[in-house]
Amino acid sequence: MLMNTYPKSDVTFTRGDGSFVYSDKGEVYLDFTSGIGVNSLGYNNPTITKALVSGASLMHLSNLYDTAQDRNLAQLLIAKMGLKSVFFANSGAEANEGAIKLARKYSYDKYGQGRHEIITLRNSFHGRTITTLSATGQDKFHKYFTPFTDGFSYVPANDIEALLQAATDRTCAIMIELVQGEGGVLPLDRKYVKELAEFCRNEDVLLIVDEVQTGVGRCATFCAYEQYGILPDIVTLAKGLGGGIPIGAIVSGAKCEFTFGVGDHGSTFGGNPLACRVASAVVGTMEKSFLEGIYDKGDYIVKTLKQMHSPHIKEVRGLGLMIGIELSDLSAIDVRARCQDNNLLVLTAGTNTIRLLPPLTISLSEIREGLAILQQII
Ligand SMILES: *Cc1c(COP(=O)(O)O)cnc(C)c1O
């Protein structure tokens with residue numbers, strides 16, 4: 001049987017269509033989770049299906065050979081992001097793990113051994129491998145699996161003085177989420193991010209932005225960093241990139257464009273032509289008008305939730321279609337369960353925040369339908 005790593009659900013799902021999933025008993029659920037921000041274009045999307053079907057003739061080849069599919073996706077990403085080079089992985093943790101290696105090698109090449117420390121933020125989440133757990137600034141993730149990877153320290157978010165104090169001549173990178181997702185849907189302050197980016201530039205400390213959850217349209221721009229007026233040195237993508245097919249990416253700016261040489265990093269499945277073809281279809285839909293639609297939908301959800309004036313809602317916050325509802329006195333797990341009983345799927349983030357990550361393709365009437373259910377409950 002399956003290992004007991006996730007809480008059990010009493011519903012078994014069999015298929016999805018658009019913003020809805022269907023159970024084996026024929027019940028219909030409106031999905032405000034997108035499989036944790038993965039099914040960015042909804043279920044059974046014709047664009048994705050077409051890419052999947054046409055990709056079936058060359059699903060995998062190995063990175064020993066070139067394909068048009070991985071080059072095409074790399075080109076699309078570079079053009080959208082204003083960066084230089086790409087490495088494909090299969091998940092968020094794997095992309096972050098590679099980004100950490102990339103930053104350390106950049107520093108090793110330029111400054112020699114010892115300048116390898118990475119500062120991350122308290123309350124962050126960067127993945128489940130031993131090293132990305134080390135990067136994750138939450139004590140609850142630092143149990144059982146010792147020894148963890150050395151060389152990480154944590155500072156509170158939005159406190160530039162704490163960051164400046166924590167940085168030493170051994171610091172090679174700072175790694176942040178611009179909206180902390182698992183930590184509670186907490187957008188960083190703009191001024192803080194600008195100051196942090198300026199510090200990185202002045203000290204040749206690499207700025208790694210983990211856009212695994214915020215990227216690929218989720219926050220109403222292709223990447224969230226666009227809204228912060230910064231250009232990171234390294235960006236990681238995953239969740240929404242493949243529209244449901246597993247793929248991750250490390251996207252590097254000029255500093256680390258050539259840092260990895262032959263043999264320095266690799267992945268058997270990474271950059272397989274099938275995943276790259278599907279991800280190219282996803283990235284191809286991220287046109288200006290599509291992104292503006294995401295902004296409008298997110299704005300509508302936030303305004304509607306605020307106008308409910310519910311005594312149970314302490315704060316509504318987020319960016320684009322990544323929205324957190326901090327509850328004042330209800331438990332997030334309970335609210336989530338009651339939503340599911342009413343055929344609405346939502347996520348939690350921490351103990352007191354409901355997290356909404358609906359498909360980016362969701363319609364206004366579907367949004368209204370879901371918000372009406374939420375209103376009954378909170
Ligand atoms: C989900 C997530 C990860 C981990 O991604 P996996 O694909 O589960 O390995 C890393 N960083 C952030 C910000 C995430 O939201």
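**Exercise 1.** In this predicted model, find how far an oxygen atom of the ligand is from an N or O atom in the side chain of K239, then look for other polar contacts to the ligand and work out how much of the ligand the protein covers.

*Solution.*
- Start at K239: an N or O atom of its side chain sits 2.6 Å from a ligand oxygen. With a cut-off of 3.5 Å for N or O pairs, that counts as a polar contact.
- Now try Q213, where a side-chain N or O atom is 2.7 Å from an oxygen atom of the ligand.
- Then check D210: here a nitrogen atom of the ligand lies 2.7 Å from a side-chain N or O atom.
- Last, the cover: on its own the ligand has 390 Å² of accessible area, and the protein covers 81% of that.

**Exercise 2.** Which helix gives the most to the shell around the ligand, and how do the shell residues divide into nonpolar, polar and charged?

*Solution.*
- List the neighbours, among them S91, G92, A93, N96, F125 and H126. Also on the list are E177 and V212.
- Look for helices: α4, residues 92-111, gives the most, with three residues.
- Sort the shell by type, and you get six polar, three nonpolar and three charged residues.

**Exercise 3.** Why does the largest nonpolar core lie between domain 1 and domain 2?

*Solution.*
- Find the core's best-connected members: of its 90 residues, L77, M81, L237, L305 and L356 touch the most other members.
- Next, see which helix gives the most to this core: α8 (residues 273-284), with seven residues.
- Finally, bring in the domains. Domain 1 (13-41 + 287-377) and domain 2 (48-284) both supply residues, so the core lies between them.

Conventions
Residues numbered from 1 in each chain as written. Predicted model: local features only at pLDDT ≥ 70, side-chain atom pairs only at ≥ 80, totals over all residues. Heavy atoms only, no water. Near = heavy atom within 4 Å. Polar contact = N/O pair within 3.5 Å; in protein donor to acceptor, adjacent residues only side chain to side chain. Areas by Shrake-Rupley, 256 points an atom, 1.4 Å probe, with all protein chains shown as cover. Helix = DSSP H or I, 4+ residues; strand = E, 2+ residues; numbered from the N terminus. Nonpolar A, V, L, I, M, F, W, Y, C, P; charged D, E, K, R; others polar. Domains from an automatic or database assignment.
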